[in-house]
Amino acid sequence: MADLVTFYRSIHEVVLADVGNGYWMASVDGVLVMLAEYGPVHVGEDLDGLVIGSDGGGRSYVVATDGTVWRMRTATLDEPDLDLVADDLQLLLERLERSVTRFIATGEPGFV
């Protein structure tokens, strides 16, 4: 979670609505609202996380307490079905950067 603190010390939020279906990294306030409304997301048996963003397809990104980043397969937080997308937030942001670069060059969104 240290990466998340570092991220929010430097960047308020990310809004890339024009890249593919869009990518959003919520502000701290947005993360706290999601936490207050829905509670932590259960990533695994002993692992919880926070919703930190989403793609334009309604799938949320979750940072787990161990720092891993997951993407939900569906738009529901009730019983999330998750895929690991990055070992940490830095890797997620690097993949997002590559997705933006690919979109600029080819018009095709990346795979984040």
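A cavity is a set of grid points where a 1.4 Å probe fits but cannot get out, and its lining residues have an atom within 4 Å of a point. With that in hand, let us start inside the protein, keeping in mind that this is a predicted model.

## The enclosed space

Searching the whole structure turns up one cavity of 30 Å³ or more. The space in this largest cavity comes to about 50 Å³. Which residues line the largest cavity? They are Tyr23, Trp24, Met25, Ser54, Tyr61, Leu92, Leu96 and Val112. Strand β2 (23-25) and helix α3 (89-106) each give at least two residues to this lining. The largest share, three residues, belongs to β2.

## Charged pairs

Now to the salt bridges. Side chains of opposite charge can pair when their charged atoms come close. How many salt bridges does a search of the whole structure find? The answer is three, and the table sets them out with their nitrogen-to-oxygen distances.

| Arginine | Aspartate | Distance, N to O |
|---|---|---|
| arginine 59 | aspartate 55 | 3.1 Å |
| arginine 73 | aspartate 81 | 3.1 Å |
| arginine 73 | aspartate 83 | 2.5 Å |

Each of these distances can count as a salt bridge because the cut-off is a side-chain nitrogen of Lys or Arg within 4 Å of a carboxyl oxygen of Asp or Glu.

Take the pair of arginine 59 and aspartate 55, whose side chains meet at 3.1 Å. Is aspartate 55 buried or exposed? Aspartate 55 is buried, with a relative accessible area of 8%, while arginine 59 is partly exposed at 28%. The two labels differ because buried means under 20% relative accessible area, and partly exposed covers the range from there up to the 50% limit for exposed.

Arginine 73 appears in the other two table rows, with aspartate 81 in one and aspartate 83 in the other. The pairing of arginine 73 with aspartate 83 links distant parts of the chain: arginine 73 sits in the loop between β6 (69-72) and β7 (82-86), and aspartate 83 is in strand β7, 10 residues apart. Through shared partners, the salt bridges join Arg73, Asp81 and Asp83 into one network. As for accessibility, arginine 73 is partly exposed at 46%, aspartate 81 is partly exposed at 36%, and aspartate 83 is partly exposed at 25%.

## Around aspartate 81 and leucine 82

Where is aspartate 81? Aspartate 81 is found in the loop between β6 and β7. Leaving out residues up to four places away in sequence, aspartate 81 touches Arg71, Met72, Arg73 and Thr74. Valine 100 is 19 residues from aspartate 81 along the chain, and their C-alpha atoms are separated by 26 Å.

Leucine 82 belongs to strand β7. Its relative accessibility is 13%, so leucine 82 counts as buried. Which residues is leucine 82 in contact with, leaving aside its neighbours within four places in sequence? The contacts are Val41, His42, Val43, Trp70, Arg71, Met72 and Arg73. Arg71, Met72 and Arg73 also appear among the residues that aspartate 81 touches. Leucine 82 and isoleucine 52 are 30 residues apart in sequence, with 14 Å between their C-alpha atoms.

## Helix α2 and a nonpolar patch

On the surface, Val28, Leu32 and Leu35 make a nonpolar patch of about 220 Å². Valine 28 is placed in helix α2 (residues 28-38). With a relative accessible area of 36%, valine 28 is partly exposed. That value lets valine 28 into the patch, because patch residues need over 30% relative accessible area and no salt bridge.

Methionine 34 also lies in helix α2. This residue is partly exposed, with a relative accessible area of 25%. Not counting residues up to four places away in sequence, which residues does methionine 34 touch? Methionine 34 touches Gly39, Val51 and Leu77. Glycine 22 is 12 residues away from methionine 34 along the chain, and 19 Å separates their C-alpha atoms.

Technical notes:
Residues numbered from 1 in each chain as written. Predicted model: local features only at pLDDT ≥ 70, side-chain atom pairs only at ≥ 80, totals over all residues. Heavy atoms only, no water. Buried < 20%, exposed > 50% of the residue type's maximum accessible area, 1.4 Å probe, protein only. Helix = DSSP H or I, 4+ residues; strand = E, 2+ residues; numbered from the N terminus. Patch = residues over 30% accessible without salt bridge, like charges linked within 9 Å, V, L, I, M, F, W, Y side chains within 5 Å. Areas by Shrake-Rupley, 256 points an atom, 1.4 Å probe, with all protein chains shown as cover. Contact = heavy atoms within 4.5 Å. 1 Å grid on protein atoms, 1.4 Å probe; cavity = no way out; pocket = protein on both sides within 12 Å on 5 of 7 lines; lining within 4 Å. Points joined across faces, edges and corners; volume = space filled by probe spheres on them.
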